[in-house]
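Let's take a walk through this fold, one strand at a time. Keep the viewer open and follow along.

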Amino acid sequence: QVPMLAPVLFLCFWSLALSHCPCSNPEWCKPLQTGPRKEFLAFGSSDNYTKFDYTYLTTLAWWSGEYDPQMVCHAHSQGCRVVMPAFFSVQNLGNLTARKNWIDGIVTELKDKMLDGVNFDFEDEIKKGSPEAGLLTSLVRELSTAVKNAIPGSQVTFDAGWSPECIDVRCYDYKAIAEATDFIVVMDYDEQSQIFGACKAGANSPLPYLVKGMTAFMDLGISADKLVMALPWYGHDFTCLNQQNATVCPLAYHPWRGVECTDAESPEFAYWYIQREIVPKSTTGIQWDEESSSPWLNWVDENGKHHQLWFDSPESLLKKVQWAKKADLRGVSVFTIDYVDYKNPQQAESMWGAMNYFFW
């Protein structure tokens, strides 16, 4: 009879929760019971949830803003899950008490806020061969088991760098993590975090890197159905050091995670900000780099400093989404869907349209 305990407790909990349901339809206070499907997971805030395009959106990863129960009501009414982010320090991986308290806290918050699961964003350094890799894997398993036992039908996902090959010193057991979760969200951005060649500005999400990284995940034995490709709706703004020509933007050296040159020192500009504030004062206009399939531009700030900005547009996003569809990945993702101007319908629709192509 023990295996029946979790479902019974689940039903009792939701019977009580529904008596305090803030949604106009009590069914929207229940976690979605949707089975496996192609995914469009988008990171977004509670501030803009009514503006998002839910036509194909399957999971809203509530990333910022105050919790608003109406966000969950609205998303559930559209058949879209809402999941919360979770973070854990590498320093506590061996602390069993900290692990248990963290997982218990997540389960409690999921229930209290009517959420459908958790997106685990762990990006700390773990060197190759370190026992911490095994501790991380076991933590992911424990989290997934606890969440799914407490909330049947829930979703547990894990964020990974663009390649499994120890990118940014993240030497994790990705195959085991994929097996323990519903899918891995591969963050195909910030791909200049470790610049091993010439120290110069480059694309935030170059298509060749994306293909190489995704192929490497699959070469580990991870099914394409376990991989979701996350793309940026922002760009990196690089300050050029003694720029001699329009195409090459030399960078100052900044040590970071085993390299001397990185994009970590370059601020991120949202797509709406790029279009409204930077494009009008560009000295080159928007250019297109064939090798990376990415747009870029140069501009000069009020102090006379030269900048080169690499970002993504509907055209560059579409090329990557087309690849994802052809590779039959589990889905696509965006960081973040707040980074467009929703008062500019053409801008918003073009960015959403590039992502929605995955389902056409």
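What follows goes from a pair of helices into a run of paired strands.

Keep in mind that this is a predicted model. A good place to begin is helix α3 (residues 96-112) and helix α4 (residues 132-150), whose axes come within 10 Å and cross at roughly 30°. The crossing of α3 past α4 is right-handed. On the α3 side, the residues that meet α4 include Trp102, Ile103, Ile106 and Leu110, while α4 brings in, among them, Leu135, Leu139, Leu143 and Val147. Sort the residues of this contact by type and you get eleven nonpolar, three charged and one polar. Arg99 and Lys111 from α3 and Glu142 from α4 are part of it too.

Now follow the chain into the strands. Strand β4 (residues 117-120) pairs with strand β5 in the parallel sense, over four bridges, and Phe120 has Phe158 in β5 as its bridge partner. To get from β4 to β5 the chain goes through α4, and that β-α-β crossover is right-handed. So α4, the helix that α3 crosses, is also the link between these two strands.

How much of β5 (residues 155-160) is buried? Six of its six residues are, so the strand is largely enclosed by the rest of the structure. Gln155, Thr157 and Asp159 point one way, with Val156, Phe158 and Ala160 pointing the other way, and all are buried.

On its way onward, β5 pairs in the parallel sense with strand β6 (residues 183-187), again over four bridges. Phe158 turns up here as well, standing opposite Ile184 in β6. Helix α5 (residues 174-180) joins β5 and β6 in a right-handed β-α-β unit.

The next step is from β6 to β7. These two run parallel and are joined by four bridges, with Val186 opposite Met229 in β7. Together with helix α6 (residues 207-219), β6 and β7 make a right-handed β-α-β unit.

Strand β7 (residues 227-232) has six of its six residues buried, so it is largely enclosed by the rest of the structure. Look at its two faces: Leu227, Met229 and Leu231 cover one side, Val228, Ala230 and Pro232 sit on the other, and all are buried.

Where does β7 go for its pairing with β13? Five bridges join β7 to strand β13 (residues 331-335), and the two run parallel. Within that pairing, Ala230 stands opposite Ser333 in β13.

How values were computed: Residues are numbered from 1 along each chain as its sequence is written. This is a predicted model: local features need pLDDT of at least 70, side-chain atom pairs count only at pLDDT 80 or more; totals for chains, interfaces and linings use all residues. Side-chain values use heavy atoms; hydrogens and water are left out. Axes are lines fitted to C-alpha atoms, for helices over the stretch in contact, and angles run from 0 to 180 degrees between N-to-C directions. A crossing is left-handed if the near helix is turned anticlockwise from the far one by less than a right angle, and right-handed if clockwise. Contact means heavy atoms within 4.5 Å. Ala, Val, Leu, Ile, Met, Phe, Trp, Tyr, Cys and Pro count as nonpolar, Asp, Glu, Lys and Arg as charged, and the others, Gly among them, as polar. Buried means under 20% relative accessible area, exposed over 50%, partly exposed in between (1.4 Å probe, protein chains only). Two strands pair if DSSP finds at least two bridges between them. A crossover is right-handed if, with the strands pointing away from the viewer, the path from the first strand over the helix to the second runs clockwise.
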